[in-house]
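Q: Please take a close look at one part of this structure, the part where nonpolar residues come together. I am new to it, so please explain each term as it comes up.

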Amino acid sequence: MRKTQNLRDLLTELTRSHDFEPKMLEQKVFALWREHLGTPLGTKTVPVSLSDSVLKVYTEYPPFKKELLLLKERIIEDLNVELGEIVLTDLRIEIRQVHKASSYHANNAPTDPEMSKTTTSTPESSNLRTPTPKELEQIEQAITDVTDTDLKTSLRQLFMTQSKEKP
């Protein structure tokens, strides 16, 4: 238990000192989406980006777009309550083929630990730079005791995208 508490304290300090808190909230939106909406709405829609408090969502099915539009205010309110602050102000829903335009968070998150150390070819990853071996080691050390695989993947991506320097 002490090791877990130390890791929690370390991650809390790391997120505060590097101003990761807004990005962590954004990542949490993606994680909460499917859980909050359930089946089939949460599984047939994919959040793809969050910018200026507007969450862009893709679906292949016009009836799901219509349902999301009808429930939009409630979805935004419920997600903000779960997040503990106002992160979302609007939803933009587009009809797109989900399997081609899916988000990193929903479908392309690497499951193999070695694969997750490399960047993938997704719209979001175009902002990624290849971390140095030392940075990769530091990232892996920081998340080594995280047991939740989705959280571990999100943290890894977050740490990789937050570098101010690009080659």
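A: What follows starts with the whole chain and then turns to the core and its surroundings.

This is a predicted model, in which local features need pLDDT of at least 70 and side-chain atom pairs count only at pLDDT 80 or more, while totals for chains, interfaces and linings use all residues. Residues are numbered from 1 along each chain as its sequence is written, and side-chain values use heavy atoms, with hydrogens and water left out.

The protein chain has seven helices and three strands. Helices (H or I, at least four residues) and strands (E, at least two) are DSSP runs, numbered from the N terminus. In that direction the order is α-α-β-β-α-β-α-α-α-α. Of the 167 residues, 36% count as buried; buried means under 20% relative accessible area, exposed over 50%, and partly exposed in between, with a 1.4 Å probe and protein chains only.

Now the core. In soluble globular proteins, nonpolar side chains tend to be buried together. A nonpolar core here is a set of buried Ala, Val, Leu, Ile, Met, Phe, Trp, Tyr and Cys residues joined through side-chain atoms within 4.5 Å. The largest one has 20 residues, and W33, L55, L68 and L91 have the most contacts inside it. Two or more of its residues come from each of α2 (21-37), β2, α3 (62-83) and β3 (90-95). Contact means heavy atoms within 4.5 Å. With neighbours within four places in sequence left aside, L68 touches W33, L37, L41, T45, V57, I75 and I93.

One of those partners, V57, is also the bridge partner of P47. Strands β1 (residues 45-51) and β2 (residues 54-59) pair in the antiparallel sense over six bridges, where pairing requires at least two DSSP bridges between two strands. They form a hairpin with two residues between them, and D52 in the turn has a positive phi of about 50°. Five of the seven residues of β1 are buried, so this strand is largely enclosed by the rest of the structure.

Apart from the largest core lies another, of eleven residues, among them L7, A142, V146 and L158. A142 is also one of the buried residues of helix α6 (residues 133-143), with L136, I139, E140 and I143. These cover an arc of only 160° around the axis, which puts them on the same side of α6; the arc is that of the directions from the helix axis to the C-beta atoms. On the other side of α6, P133, K134, E137 and Q141 are exposed.
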